[in-house]
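Me: I've got a model open and I'd like to talk through the labels people put on it. Can you walk me through the reasoning behind each one?

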Amino acid sequence: MQPLDDLTLDAVIVLPGIMGSELYDVQADRQIWGFRDPRWYGEAWRNPETLSRLALDDNERAGAYGRVRATNVLQIPAFAPMLRGFEPYRVLLDRIGQMVLPGALRVFPYDWRLPVAHNARLLADDATRHLADWRRRGHPQARLVLVGHSMGGLVARHWIDVLGGADDVRTTVTLGTPFGGAVKAAEILAAGRGVPGFRTRRLRTALRSVSVTMPGVYDLLPTGPVVVLGDERMRELSAVDIVDIGGDRDLAEDARRRRPASGWTDHALRTVVGTGQTTAQNLRIVAGEVRTSVRALRRGRDGTVVEVDRSGDATVARDAASPVAQAHCYLAQTHGGLPASAEVAHHVANILSETPLTQPLGLPEPGLDLPDVVPAGTEFAFRVTGVEHPRDAAAWFGPVDGRTGPLPLPAHFRDGEVWVSVPPCRPGLHRVAVRGVTELVLVDAAENEQG
C-alpha cells in the first residue's frame, strides 16, 4: 500500500490520445470504435462500410456534434493502418490510482474525430466541475494534474493556453504529444496513393476515406518547415498542399486558424518523449503522393539544408514532442506503447508525489522496424535497431486476445543488422515485444495480393 505521505491531495485527469477513446453512435445505437474483441479490427479494415460511421456527416461538418458520444478510454488494444496499435490505459490508470485519494482520479474520453479546440472546451467544463467537487470534499487548496497521451496533450494545452485554464492546473504531463504536429497525419490524408501492394493500399485507403473528414486529423498536421523543395528550400505545409494530397481545403484552413499563437507560457509542463523508433520527420509531395524521410531537417552553417536522425516513437518525431524550455524525459518506446509502459507509469507516479525523475527513462534502444499489416499464413521478419548483437534483442510475439501465450523468437544477423523472423500465424491483432518496447501488428486474413 502506498504511504499516505506520498499521496497527492490534487485531483488528476487522464486524457487519452487519438483513437484512444471508445465511441458510440447515439443515432444508430451501436459502438463504432473501441470494441472489446480485438478480432473486430481485422474485419473492419477490410470492409470500409464497417468504418463509414466514423466519418463526419453533413450535420457534424456544420458543427452539430451530437451524433457520437465518447464513452470510455480504450479497454483493450485497438489498431489502425499506419497509426499501428493503441494499447489500453490500464497500467497508467492503475498506477495513478495508487497515488491519489479515492475519487480524485477522472478520465476524460473525447471524440477524437473532432477539433482539438472543441474538445478543449468540453475539458474546461468537465475539469472545472471535477476540481470544484474535489475541493468541496475537503481539499480546498487542491489543483489539477493533467496527464495527456498524444492528442490528449494538445487538448490540455488548448484549455490551459487559449481558454485560460492555467490557474486550476498544477502541472501537465504529456506522453508523445505532437506539439509540432506529425508528418504521419499528412501520410494518412494521402494514404493509398502510390502505395505498392494491393493489401496495404486497400487498408490505407479505408483509413483515408474516414480520416479526410475529421478535423482532429488536420489538427495533427506538422506546424514547422517540413516540406523540402527541389532547390533545398524548406517551408511549411499549405492548404494547397493538403488539397494536392487528397485532403480538404476548408478543414486544413480551419485547423491553421485554430492553432495556438504561442507555446506554453510559464505553465509547468513535463513531457515524456518516445525515441529509438523509425519515424517520418519530413516530406516531399510529388504528383499528389507524400514521400517521407526518417531524418529531420536542419539549416547548416553554410545555409544549406541538412538532414539529421532524431528518431521518435514511430508516429511523433522526437523534436515535435518536446517543446523548447520544458522538462523532458526520453524513453525508447512506440507511440501506442507509451501509456502502457511501466516506466511511464512510474514516472507519472513520481511527479504526483513531487519527486519527478530528471534522467532519461530508458536507453535510446531498441527500435522496432516492422510492417503494420502482414498476410496470414506467411512468415515475415522485422528489424531491431539500436542493438549491436542478436543476444540483445530477445523478442516475444503473440495474440493480444490471450488465447495462446506469447512465443519467444530468436534474433539473427542479416547483412550486419539484427533481425527477428516470425513464423506463420493465424489472423488477428498481435503484439511484438523486444525488451519492453512493444508494437502491434495486424495479421490480415484477406486473399493474396492483387494488382
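Reply: Sure. Buried means under 20% relative accessible area, and over 50% is exposed, with partly exposed in between. Keep in mind that this is a predicted model.

Me: Which residues of α6 are buried by that cut-off?
Reply: Met151, Gly152, Gly153, Leu154, Val155, Ala156, Arg157, His158, Trp159 and Ile160 are buried.

Me: Why is helix α6 called largely enclosed?
Reply: Because ten of the eleven residues in α6, which runs over residues 151–161, are buried, the helix is largely enclosed by the rest of the structure.

Me: What covers the buried residues of α6?
Reply: The cover includes the strands β1 (11–15), β8 (144–149) and β9 (169–175). It also includes the helices α5 (116–136), α9 (215–218) and α11 (249–258).

Me: What makes leucine 251 buried?
Reply: Its relative accessible area is 7%, and the cut-off is under 20%, so leucine 251 counts as buried. This leucine lies in helix α11.

Me: What is leucine 251 in contact with, leaving aside neighbours within four places in sequence?
Reply: Arg61, Val212, Thr213, Met214, Pro215 and Tyr218. As for alanine 342, its C-alpha is separated from that of leucine 251 by 37 Å, with their positions 91 residues apart along the chain.

Me: How do you know that leucine 175 is buried?
Reply: Its relative accessible area is 0%. Buried means under 20%, so the label for leucine 175 follows. You'll find this residue in strand β9.

Me: What does leucine 175 touch, leaving aside neighbours within four places in sequence?
Reply: It is in contact with Leu92, Val147, Gly148, His149, Ser150, Val272, Leu338, Pro339 and Val344. Take histidine 149: it is 26 residues from leucine 175 along the chain, yet their C-alpha atoms are separated by 4.6 Å.

Me: Why is valine 306 called partly exposed?
Reply: Its relative accessibility is 33%. Partly exposed sits between the 20% and 50% cut-offs, so valine 306 gets that label. It has its place in strand β16 (residues 305–308).

Me: Which residues are in contact with valine 306, leaving aside neighbours within four places in sequence?
Reply: Ala296, Leu297, Arg298 and Gly300. Valine 306 and alanine 296 are ten residues apart in sequence, and their C-alpha atoms are 8.2 Å apart in space.

Me: What makes the radius of gyration agree with a compact globule?
Reply: A compact globule of 451 residues would have a radius near 22 Å, and the protein chain has 21 Å, so the two agree. The C-alpha atoms fill a box of roughly 65 × 60 × 50 Å along the principal axes.

Me: How many of the 451 residues count as buried, as a percentage?
Reply: 55% of them. The accessible surface of the protein chain is about 18,800 Å², with 50% of it belonging to carbon and sulfur atoms.

Me: What percentage of contacts between residues at least 6 apart in sequence join residues at least 24 apart?
Reply: 72%. The protein chain holds twelve helices and 26 strands.

Me: Which elements have the lowest and highest mean pLDDT?
Reply: Strand β15 (residues 296–299) has the lowest, at 76, and β1 the highest, at 98. The protein chain averages 87, and 91% of the residues score at least 70. Where pLDDT is low, the predicted coordinates should not be read in detail.

Me: How far apart are the mean positions of the positive and negative charges?
Reply: 1 Å, taken over 51 positive and 54 negative charges.

Terms used:
Residues are numbered from 1 along each chain as its sequence is written. This is a predicted model: local features need pLDDT of at least 70, side-chain atom pairs count only at pLDDT 80 or more; totals for chains, interfaces and linings use all residues. Side-chain values use heavy atoms; hydrogens and water are left out. Buried means under 20% relative accessible area, exposed over 50%, partly exposed in between (1.4 Å probe, protein chains only). Helices (H or I, at least four residues) and strands (E, at least two) are DSSP runs, numbered from the N terminus. Contact means heavy atoms within 4.5 Å. pLDDT is the predictor's confidence in each residue, from 0 to 100. The radius of gyration is taken over C-alpha atoms; the globule rule is 2.2 Å times the number of residues to the power 0.38. Accessible areas come from the Shrake-Rupley method with a 1.4 Å probe; for residues, only the protein chains shown count as cover. Lys and Arg count as positive and Asp and Glu as negative; His and the chain ends are not counted. The place of a charge is taken as NZ of Lys, CZ of Arg, CG of Asp or CD of Glu.
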